[in-house]
Amino acid sequence: MIVITGTPGTGKTTIAKELGKTLNKPVFSEIDLISGKKIGEKNKDNEFEVELESLEKEINRLSEDCIVEGHMLCEIKTPASIVIVLRCDPKKLEKRLLKRHYKTRKVNENICCELIDYCLQKAEEHYPHVISVNASGSPEETLSKTINAVKGKFTGDLVDWSSQIAEFSKKQTPK
Ligand SMILES: Nc1ncnc2c1ncn2[C@@H]1O[C@H](COP(=O)(O)OP(=O)(O)OP(=O)(O)O)[C@@H](O)[C@H]1O
Ligand SMILES: [Mg+2]
């Protein structure tokens, strides 16, 4: 099993789909695994809160030879032998999320997660080996690095957005 996780908007669905075509493996999205099943409910902000234990059970039911993608996969332990965390330059991520008409609060929440390596750190808590792929470039470039990572020919990108934290927090401070 290959897991692709990362902050919303980093390109998990896009890359997982293409990777599935290239490797001829079925692709599952965590959203498809949870929708229709009563393993979560909407909170007061109309956001879907998922019971992670139930998601874990659904993933354990899948065949070993597949690709699963989703941002919550960094929060749980799955039988994955390869775990890829897609990363994206926060400035580019902002553009991608605004294009989707995300509310400012949601955009900022996700930028914040990316700035502090949230998904990478969480994934490293749950898996012994995690590969970071910088997905700030074109989808083609990201796909090619992801394929190489799966084949063991690419050990990952070193990503550090910390120099952008001060600028981001300044923008958040009320005047
Ligand atoms: N290098 C890249 N890799 C993947 N997607 C990219 C890349 N560059 C731009 N994109 C674009 O970013 C957008 C977000 O991609 P996608 O929906 O696959 O993200 P996601 O990580 O699955 O988000 P979510 O967690 O909300 O489902 C898409 O419009 C996609 O075309
Ligand atoms: Mg997606």
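What percentage of the 175 residues in the chain is buried? In this predicted model, buried residues make up 34% of the chain. The rest of the picture can be built from the overall dimensions inward.

Start with the whole chain. Its C-alpha atoms fill a box of roughly 55 × 40 × 30 Å along the principal axes. A compact globule of 175 residues would have a radius of gyration near 16 Å, and the chain has 16 Å, so the two agree. Eight helices and seven strands make up its secondary structure elements. Contacts reach far along the sequence. Of those with a separation of 6 or more, 70% are between residues 24 or more positions apart.

Now go to the core. The largest nonpolar core has 38 residues. V3, I4, V83, I84, V85, L86 and A123 have the most contacts inside it. Strand β6 gives this core its largest share, four residues.

Strand β6 deserves a closer look. It spans residues 82–87, and five of these six residues are buried, so the strand is largely enclosed by the rest of the structure. What does it pair with? Strand β1, residues 2–6, runs parallel to β6 and is joined to it by five bridges. In this pairing, T5 stands opposite V85 of β6. Strand β7, residues 131–134, also pairs with β6 in the parallel sense, over four bridges. Here L86 stands opposite V133 of β7. In a regular strand, side chains alternate between the two faces of the sheet.

Follow L86 further. Leaving aside residues up to four places away in sequence, L86 touches I4 and G6. It also touches V133, the residue opposite it in β7. Its other contacts are T10, G11, K12, I15 and A135. Two of these names, G11 and K12, return at the ligand.

Finish at ligand 1. How many residues surround it? There are 16, and P8, G11, K12, T13 and T14 are the closest. Helix α1, residues 12–23, and helix α7, residues 139–150, each supply at least two residues of this shell. The largest share, four residues, comes from α1. By residue type, the shell holds ten polar, four nonpolar and two charged residues.

Put the two regions together. L86 is among the residues with the most contacts inside the largest core. The same residue touches G11 and K12, which are among the residues closest to ligand 1.

Notes:
Residues numbered from 1 in each chain as written. Chains lettered and ligands numbered in written order. Predicted model: local features only at pLDDT ≥ 70, side-chain atom pairs only at ≥ 80, totals over all residues. Buried ≥ 20, exposed ≤ 12 C-beta atoms within 10 Å, placed from the backbone. Pairing = 2+ DSSP bridges. Near = placed C-beta within 6 Å. Nonpolar A, V, L, I, M, F, W, Y, C, P; charged D, E, K, R; others polar. Rg over C-alpha atoms; globule rule 2.2 N^0.38 Å. Contact = placed C-beta atoms within 7 Å. Core = buried A, V, L, I, M, F, W, Y, C linked by C-beta atoms within 7 Å.
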